[in-house]
Amino acid sequence: MREEVSVKELNSLGQYLLVDIRDAISFEYGSIEGAVNIPQKQLMSRLDELDQNQLTVVMCKSGVISAAVAEQLRDAGYQAVNLKKGYYGYMLQALSVNTDRAKEIEHSIHEKYEQELWQRFTAAIQDYELVRAGDKVAVCISGGKDSMLMAKLFQELKRQGKIPFDAVYLVMDPGYSPENREIIERNAKLLNIPITVFETNIFESVLHVEKSPCYICARMRRGYLYSQAKALGCNKIALGHHFDDVIETTLMGMLYSGQVQAMLPKLHSTNFEGMQLIRPLYLIHEKDVKRWRDDNDLHFLQCACKFTDTCTSCNPDNASKRQETKRLIERMEQENPQVKERLFKSIHHVNLDKLIGYKTAGETHFYSE
């Protein structure tokens, strides 16, 4: 019996069950149509969901972990094969089919998502004064759905010419695997985004960091982005944090850090004089980004970390606090459909008369003092 099949061979297999063993977060972000999500940690306890007489195709992110899992299933008496190159192989295959859809995708922003995407983007630009005449913005692209959409919105803003500004579509390669790098470059070509790529060795630098490697990696990435943007003559960097990121971060601060602290739409850098960080997707809901992505049959990276397949720092358990907060908001939404808007509004209307204390410039003050 064969031990693996390629994405191209799936259609010729006949009847089979495609099992995606990635975590639920990754599966929700994107998978192959028809796949069933049984996370690796749950698979052996859910074998009753598999049919020993039917072929089971096992897939993970890049085909590394799923190869071992498929072998484990074969030893247990199941007809199991590994999907060669995993979900990454599927994305690369999908990106090679049609590379001339940029105009169609651009039109969808106005034709179908004018209110949800374009109007909310321009409202954030105007309400928070994120882009001004004469700015040169480094639009930072990580390879995910949010930053790729942000780049298309910036292209449209520049095309309309109402605000005279320049933009650089900046991609930092912190040590991507060849597959990650190729997916980002292919998506940029598909979307007609003229990216500028620069390389660092951040992933190697944090490889042996045991405590909070993802936090350190993020801090280093931010610093490199500021440095490169400034070297290119930019005075602003734009990141793809959206509406849901804002309210989740605010609520997480209250629940887990004991403080009221919002994710700001813009802030001045303390280490790079004259540089400012802006978040133009501040008013855009994640569900609308996902709809735009799926309607246009786009496939983006979730996490481009070189070590995701084997690195415990990228394990979903370490993202549990954000996921718990996301699920909490979803449950509250069932009873109060306006809960997200209320949370968002709360950080814009802070009543200082009703607060016991506050913190500014690193100093804590209490009104009883």
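Is C140 buried or exposed? In this predicted model, where local features need pLDDT of at least 70, side-chain atom pairs count only at pLDDT 80 or more, and totals for chains, interfaces and linings use all residues, C140 is buried, with a relative accessibility of 6%. Residues are numbered from 1 along each chain as its sequence is written, and side-chain values use heavy atoms, with hydrogens and water left out. Buried stands for under 20% relative accessible area, exposed for over 50%, and partly exposed for what lies in between (1.4 Å probe, protein chains only). C234 is also buried, at a relative accessible area of 5%.

With a disulfide taken as a pair of cysteine sulfur atoms within 2.5 Å, the count of disulfides is zero. C140 takes part in none, its nearest cysteine sulfur being that of C234, 8.4 Å away. Seen from C234, the closest cysteine sulfur is that of C140, and no bond is formed because 8.4 Å is too far.

Six strands make up an open sheet of mixed pairing, in the order β8-β7-β6-β9-β11-β10. Its edge strands, each pairing on one side only, are β8 (195–199) and β10 (266–268). On average, neighbouring strands of this sheet are turned by 25° against each other, direction ignored. Here strands (E, at least two residues) and helices (H or I, at least four) are DSSP runs numbered from the N terminus, and two strands pair if DSSP finds at least two bridges between them. Axes are lines fitted to C-alpha atoms, for helices over the stretch in contact, and angles run from 0 to 180 degrees between N-to-C directions.

At one edge, β10 pairs with β11 (residues 276–278) in the antiparallel sense over three bridges, and the partner of K266 in β11 is I278. In the other edge strand, β8, lies E199, which is exposed at 58% relative accessibility. The C-alpha atom of E199 is 25 Å from that of Q93, a residue 106 positions away along the chain.

Strands β12 (residues 357–360) and β13 (residues 363–366) run antiparallel and are joined by four bridges. Y358 has H365 of β13 as its bridge partner. The two strands form a hairpin with two residues between them, and A361 in the turn has a positive phi of about 50°.

Most residues other than glycine have a negative phi. K85, not a glycine, has a positive phi of about 70°; K85 lies in the loop between β5 (80–83) and α4 (86–95) and is exposed, with a relative accessible area of 52%. E129, again not a glycine, has a positive phi of about 50°. The loop that holds E129 runs between α6 (114–127) and β6 (136–140), and E129 is partly exposed at 41%.

The second largest pocket has a volume of about 240 Å³. Its lining includes K103, H107, K152, R159 and N192. Helices α5 (102–111) and α7 (145–160) are the elements that give two or more residues to this lining, and α5 gives the most, with five. By class, the lining has five charged, four polar and one nonpolar residues. A pocket is an open set of points on a 1 Å grid over the protein atoms alone, where a 1.4 Å probe fits, with protein on both sides within 12 Å along at least five of seven lines; lining residues have an atom within 4 Å of a point. Grid points are joined across faces, edges and corners, and the volume is the space filled by probe spheres set on them. Asp, Glu, Lys and Arg count as charged, Ala, Val, Leu, Ile, Met, Phe, Trp, Tyr, Cys and Pro as nonpolar, and the others, Gly among them, as polar.
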